[in-house]
Amino acid sequence: MTDNPLPAARDILARLIAFDTTSRNSNLQLIAWVENYLGEHGVESTRVVNDDGSKANLYATVGPNVAGGIVLSGHSDVVPVDGQDWQTNPWLVTEQDGLLHGRGTCDMKGFIALALAAVPLFKDGTKPVHLAFSYDEEVGCLGAPAMIEAMAAKLPKPALAIIGEPTMMKVVTGHKGITVHEVEVLGHEAHSSLTHLGLSANMAAVELMHDLAELARDLWTNADPASPFVPPHATLTIGRMEGGTAANILARRAHFVFDLRCPPDVDPEAILAPFKAKIAALDSEMKQAFAEAGATITRLSNAPPMTPAGSQEAEAFVRRLTGDNGPAGVVSYAAEAGQFQQAGFATVICGPGSIEQAHQPDEYLAVEQFERGAQFMSRLAKALA
């Protein structure tokens with residue numbers, strides 16, 4: 001058996017990328033493949049499924065079932081390729097000029113492939129490696145909490161969790177939280193020349209979106225100059241919107257989705273309180289005109305931030321494996337790390353690749369980063385031997 005997991009990781013990466021696990025799809029084929037792979041190495045795994053059984057998290061313990069192990073966690077879902085100008089097949093790993101192209105190579109099937117390839121190295125350790133693979137991270141970190149709860153309840157307490165988001169193999173000890181909301185506006189249809197006989201959901205929605213745009217500008221203006229995040233302030237963006245049926249009909253329905261990403265010391269509920277109050281007032285006003293009309297806001301997800309608190313030993317351990325002697329970093333993207341930390345796990349983020357390549361057409365993971373990730377797994381196996 002070789003101590004270098006890289007060749008096996010290349011093969012596994014190709015298998016993982018071939019599964020279209022865009023968040024709107026099921027991930028069960030990928031999960032079944034991983035289960036079978038682990039089974040071939042004598043490792044039992046546990047599914048934690050969603051409510052309708054269409055998606056699943058998976059966790060497994062490699063090595064002895066004792067306390068003090070290491071969690072290696074990654075999400076199985078990827079973002080859509082729709083509308084992006086890809087020069088390569090997104091579901092096929094294509095190597096060009098030292099780069100491994102494919103949807104999810106960087107974010108974050110590359111890390112998962114490396115962890116799976118190192119299973120033979122982890123099996124004989126004196127401390128276990130707990131693999132944890134989630135669903136629906138890309139749409140608000142929805143899948144991981146149920147898996148984390150099961151792991152916290154059933155596993156001997158791990159020493160730390162490493163979330164393999166792309167950090168160029170640098171140690172990250174903080175990330176922003178994210179909350180995602182959907183706003184729905186219902187109007188009353190009428191001919192567009194007779195605006196007094198109807199109520200346009202689109203016109204009301206535009207006013208609300210204008211308020212959010214103003215709020216986003218205020219967050220920018222009032223940024224804390226001492227914040228380590230880039231950008232330093234909480235950010236708010238409207239990611240999706242639609243409404244209406246024709247130019248000459250007052251729109252019956254409009255809706256939009258926005259996300260708010262806050263540093264650890266910023267309360268998203270406090271930021272959104274005035275906006276939610278305006279929606280409540282608008283809802284009452286619209287119902288007075290037409291009983292079926294109104295406006296609602298629904299929170300779709302709420303993932304906490306991660307801070308360095310309680311993770312000093314975890315950070316030091318991971319630094320020894322990576323050789324990273326620079327200052328601890330923070331990232332502006334949200335991740336499942338905050339959820340692990342909230343459940344009592346000492347947590348850091350460290351994985352191959354750059355977040356700047358994630359979600360892009362022709363997404364890639366540099367071969368050099370993949371190699372560094374393989375070295376990390378080998379060093380981890382030796383540290384646990």
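These legends describe close-up views of a predicted model.

**View 1. Helices H1 and H2 pack against each other.**
H1 covers residues 6-18, and H2 covers residues 28-40. Their axes lie 9 Å apart and meet at an angle of about 155°. Angles over 145 degrees count as roughly antiparallel, and H1 and H2 are therefore roughly antiparallel to each other. The crossing of H1 past H2 is right-handed. H1 brings Ile 12, Arg 15 and Leu 16 to the contact. H2 brings Leu 30, Trp 33, Val 34 and Tyr 37. Six residues of this contact are nonpolar, one is charged and none is polar. Arginine counts as charged, so the charged residue of the contact is Arg 15 of H1.

**View 2. Three strands, S4, S5 and S15, form an open sheet.**
The strand order is S4-S5-S15, and the pairing is antiparallel. S4 (94-96) and S15 (364-366) stand at the edges. Each has a single partner strand, so one side of each is left without a neighbour in the sheet. Neighbouring strands are turned by 25° against each other on average, direction ignored. S5 spans residues 99-101 and is joined to S15 by three bridges. Leu 100 has Leu 365 of S15 as its bridge partner.

**View 3. Helix H10 lies across the sheet strands S4, S5 and S15.**
H10 runs from residue 367 to residue 383. Its direction is at about 65° to S15. S15 itself is an edge strand of the sheet.

**View 4. Strand S7 pairs with S3 and with S14.**
S3 (residues 70-75) and S7 pair in the parallel sense, over four bridges. S14 (residues 347-349) also pairs with S7 in the parallel sense, here over three bridges. Ala 161 of S7 appears in both pairings. Val 71 stands opposite Ala 161. Thr 347 is the bridge partner of Ala 161 in S14. Which way do the side chains of S7 point? Leu 160 and Ile 162 point one way, Ala 161 and Ile 163 the other way. All four are buried.

**View 5. Met 168 and Met 169 have positive phi values.**
Both residues lie in the loop between S7 and S8. S7 covers 160-163, and S8 covers 172-175. Most residues other than glycine have a negative phi. Phi of Met 168 is about 60°. Phi of Met 169 is near 60°. Are these two methionines buried or exposed? Met 168 has a relative accessible area of 36% and is partly exposed. Met 169 has a relative accessible area of 4%; being under 20%, Met 169 counts as buried.

**View 6. Four strands form an open sheet in the order S10-S11-S9-S12.**
The pairing is antiparallel. S10 and S12 (294-303) are the edge strands. Each of them has a single partner strand, so one side of each is left without a neighbour in the sheet. On average, neighbouring strands are turned by 15° against each other, direction ignored. S9 (residues 177-186) and S11 (residues 253-262) run antiparallel and are joined by 10 bridges. Thr 179 stands opposite Leu 260 in S11.

**View 7. Helices H6 and H7 pack on the four-stranded sheet.**
H6 lies across S9, S10 and S11. Its direction is at about 10° to S11. H7 (residues 268-289) touches S9, S10, S11 and S12. The direction of H7 makes about 155° with that of S12.

**View 8. Two peptide bonds are cis, one at Asp 107-Met 108 and one at Val 230-Pro 231.**
Most peptide bonds are trans. Between Asp 107 and Met 108, omega is about -5°. Met 108 sits in helix H3, which spans residues 105-117. From Val 230 to Pro 231, omega is near -5°. Pro 231 is placed in the loop between H6 (201-221) and S10 (235-243).

Terms used
Residues are numbered from 1 along each chain as its sequence is written. This is a predicted model: local features need pLDDT of at least 70, side-chain atom pairs count only at pLDDT 80 or more; totals for chains, interfaces and linings use all residues. Side-chain values use heavy atoms; hydrogens and water are left out. Axes are lines fitted to C-alpha atoms, for helices over the stretch in contact, and angles run from 0 to 180 degrees between N-to-C directions. Helices (H or I, at least four residues) and strands (E, at least two) are DSSP runs, numbered from the N terminus. Angles under 35 degrees count as roughly parallel, over 145 as roughly antiparallel, 65 to 115 as roughly perpendicular and the rest as oblique. A crossing is left-handed if the near helix is turned anticlockwise from the far one by less than a right angle, and right-handed if clockwise. Contact means heavy atoms within 4.5 Å. Two strands pair if DSSP finds at least two bridges between them. Buried means under 20% relative accessible area, exposed over 50%, partly exposed in between (1.4 Å probe, protein chains only).
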